[in-house]
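Trainee: Could you walk me through how to read the main features of a protein–DNA model, one at a time?
Mentor: Sure, let's put it on the screen and start.

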Number of protein chains: 2
Amino acid sequence: MKRTSFEGDQCPIARSLDVIGDWWSLLIIRDALLGRRRFGEFQKSLGLAKNILTVRLRALVDQGILKTAPASDGSAYQEYVLTLKGRGIFPILVALRQWSEEFDARPEEIGTIMVDRDKGKPVRKLALYSQDGRLLTAADTALKPRPPGKHVRSMAG
Amino acid sequence: MKRTSFEGDQCPIARSLDVIGDWWSLLIIRDALLGRRRFGEFQKSLGLAKNILTVRLRALVDQGILKTAPASDGSAYQEYVLTLKGRGIFPILVALRQWSEEFDARPEEIGTIMVDRDKGKPVRKLALYSQDGRLLTAADTALKPRPPGKHVRSMAG
DNA sequence: TTGTGTAGTTGCATTATAAAACCAGATGCC
DNA sequence: GGCATCTGGTTTTATAATGCAACTACACAA
């Protein structure tokens with residue numbers, strides 16, 4: 001039947017997956033971070049059916065991850081650019097990339113490595129730290145009930 | 001038709017998504033990191049259909065993310081525990097969590113925060129650094145062709 | 001041995017995804 | 001202007017994935 005939605009779930013992981021947890025959305029965002037903006041660019045790069053790209057782009061715009069803008073080349077077409085919320089997905093993509101780099105069964109098939117643009121050297125591994133700077137594994141963390149009214153939202157841009 | 005597979009793709013993000021990019025896998029792994037091990041525990045916690053849980057668990061075992069073990073309570077049943085590869089997914093979950101914490105439209109619905117077990121204080125945000133310690137945004141990074149034969153695999157445990 | 005819990009499997013309805021055909025408006029070219 | 005082509009979709013039709021419910025097999029407990 002209907003695919004279950006995690007929209008009302010109180011787990012933030014489930015809530016994220018509800019928005020970007022499908023097959024194509026993260027790859028569209030990856031492409032957007034690489035500078036792609038036009039419908040045709042995404043379609044050619046990803047090789048997905050156009051009807052599905054249409055639906056995905058519309059959903060990402062609805063979610064405030066992409067926004068439409070007039071084409072930068074002066075033509076009458078539009079393009080899709082990332083919002084602040086969309087650019088915030090970058091760490092998720094880095095984490096996915098690094099997991100593959102570390103554990104993929106056939107790492108020799110991976111075509112690229114991520115480097116810092118300045119020096120051209122590989123980036124560090126993402127790591128989780130406590131506020132006082134200790135490196136944390138999953139076992140060193142716990143979940144606490146959220147303290148009420150602690151969060152301040154910024155406007156998407 | 002058939003859902004497209006990214007198995008042969010050379011992008012490591014696509015390769016990761018091919019393995020854990022579906023609706024339930026990451027939530028199963030989240031639960032496993034929280035200590036759940038038994039079929040029934042997953043099923044009750046996630047509320048997914050049992051046939052689907054069966055398929056997912058089997059796929060995760062095939063991928064080397066979970067492994068089966070005799071039940072720790074002495075009964076004749078088995079349980080599912082994370083491998084090293086499976087525990088390596090932790091940063092991806094943290095990234096998903098933090099994205100929701102930062103950008104969710106209704107953050108007041110998020111029930112928990114992640115703290116370090118020692119001090120009980122919220123963990124730091126994941127951040128990407130260059131090898132010489134500079135904080136990197138997406139725009140500060142680039143992709144380079146992979147240098148040949150650089151990778152050493154460790155055994156999954 | 002009767003009942004209950006665990007861990008699935010099977011069957012069927014519904015939905016999402018995919019490929020391909022189609023189409024309207026914008027653009028480029030002569 | 002006239003015509004072919006490009007862009008950005010929509011429509012149609014098919015197949016695969018998902019979900020629910022009912023069923024089964026085995027373990028365990030009384």
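**Reading cavities, contacts and rings**

Mentor: Let's jump straight into one enclosed space: helix 6 of chain B gives three residues to the lining of the second largest cavity, the largest share. Keep in mind that this is a predicted model.

Trainee: Okay, so which residues line the second largest cavity?

Mentor: From chain A you get A:G88, A:P91 and A:I92, and from chain B there are B:A95, B:Q98, B:W99, B:K125 and B:L126. Helix 6 of chain A and helix 6 of chain B are the elements that each give two or more residues to that lining. The volume of this cavity is about 50 Å³.

Trainee: And what classes of residue make up its lining?

Mentor: Five nonpolar, two polar and one charged.

Trainee: How many cavities of 30 Å³ or more does the structure hold?

Mentor: Three. The largest has a volume of about 80 Å³. It is lined by 14 residues, and A:L17, A:G21, A:L26, B:L17 and B:L26 are the closest to its centre. Helix 1 (12-20) and helix 6 (90-103) of chain A give two or more residues to the lining, and so do helix 1 (12-20) and helix 6 (90-103) of chain B. By class, that lining has ten nonpolar, two polar and two charged residues.

Trainee: What about open spaces: what volume does the largest pocket have?

Mentor: About 620 Å³. A cavity is a space the probe cannot get out of, while a pocket is open. Here 27 residues line the largest pocket, and those nearest its centre are A:R87, A:G88, A:F90, B:T137 and B:A138. On the chain A side, helix 2, strand 2 (78-82), helix 5 (84-87) and helix 6 give two or more residues to the lining, joined by helix 6 of chain B. The class split is 19 nonpolar, three polar and five charged.

Trainee: Helix 2 of chain A came up there. Is helix 2 mostly buried or exposed?

Mentor: To judge that, take under 20% relative accessible area as buried. Eight of the nine residues of helix 2 of chain A (residues 25-33) are buried, so the rest of the structure largely encloses this helix. The buried ones are A:S25, A:L26, A:L27, A:I28, A:I29, A:R30, A:D31 and A:A32. A:L26 is also one of the residues closest to the centre of the largest cavity.

Trainee: What is the phi of A:G35, which follows helix 2?

Mentor: Positive, near 105 degrees.

Trainee: Now the DNA. Which residues are closest to DNA strand C?

Mentor: Start with who surrounds the strand, then go to atom pairs. There are 25 residues around DNA strand C, and A:N51, A:A76, B:R38, B:K50 and B:T54 are the closest. Of the strand's atoms that come within 4 Å of the protein, 65% belong to sugar and phosphate.

Trainee: Which atoms reach the phosphate oxygens of DNA strand C?

Mentor: Three contacts are worth a look. An N or O atom in the side chain of B:R38 is 2.6 Å from a phosphate oxygen of DNA strand C. B:G40 uses a backbone N or O atom, at 2.9 Å from a phosphate oxygen. For B:Y80, a polar side-chain atom lies 2.8 Å from a phosphate oxygen.

Trainee: Which element gives the largest share of the surface near DNA strand C?

Mentor: Helix 4 of chain B, with four residues. The classes of that surface are ten nonpolar, seven polar and eight charged.

Trainee: Last topic: how many aromatic pairs are there over all chains?

Mentor: Six. In general, you describe a ring pair by the distance of the centres and the angle of the planes. For A:F6 and B:W24, the ring centres are 5.1 Å apart and the planes are at 80 degrees, so the pair is edge-to-face. This pair crosses between chains, from the segment before helix 1 of chain A to the loop between helix 1 and helix 2 of chain B. A:F6 is buried, at 7% relative accessible area, and B:W24 is buried too, at 9%.

Trainee: What geometry do A:W24 and B:F6 have?

Mentor: Their centres are 5.1 Å apart with planes at 80 degrees, so that pair is edge-to-face. A:W24 is buried at 9% relative accessible area, and B:F6 is buried at 6%. As a last step, look at the aromatic cluster formed by A:F6, B:W23 and B:W24.

Notes
Residues are numbered from 1 along each chain as its sequence is written. Chains are lettered from A and ligands numbered from 1 in the order in which they are written. This is a predicted model: local features need pLDDT of at least 70, side-chain atom pairs count only at pLDDT 80 or more; totals for chains, interfaces and linings use all residues. Side-chain values use heavy atoms; hydrogens and water are left out. Buried means under 20% relative accessible area, exposed over 50%, partly exposed in between (1.4 Å probe, protein chains only). On a 1 Å grid over the protein atoms alone, a cavity is a set of points where a 1.4 Å probe fits but cannot get out, and a pocket is an open set with protein on both sides within 12 Å along at least five of seven lines; lining residues have an atom within 4 Å of a point. Grid points are joined across faces, edges and corners, and a volume is the space filled by probe spheres set on the points. Ala, Val, Leu, Ile, Met, Phe, Trp, Tyr, Cys and Pro count as nonpolar, Asp, Glu, Lys and Arg as charged, and the others, Gly among them, as polar. A residue is near a molecule or strand if one of its heavy atoms lies within 4 Å of it. A polar contact is a pair of N or O atoms within 3.5 Å; within protein, one must be able to donate a hydrogen and the other to accept it, and residues adjacent in sequence count only if both atoms are side-chain atoms. Rings of Phe, Tyr and Trp (its six-membered ring) pair if their centres lie within 6.5 Å; planes under 30 degrees apart count as stacked, over 60 as edge-to-face and the rest as tilted.
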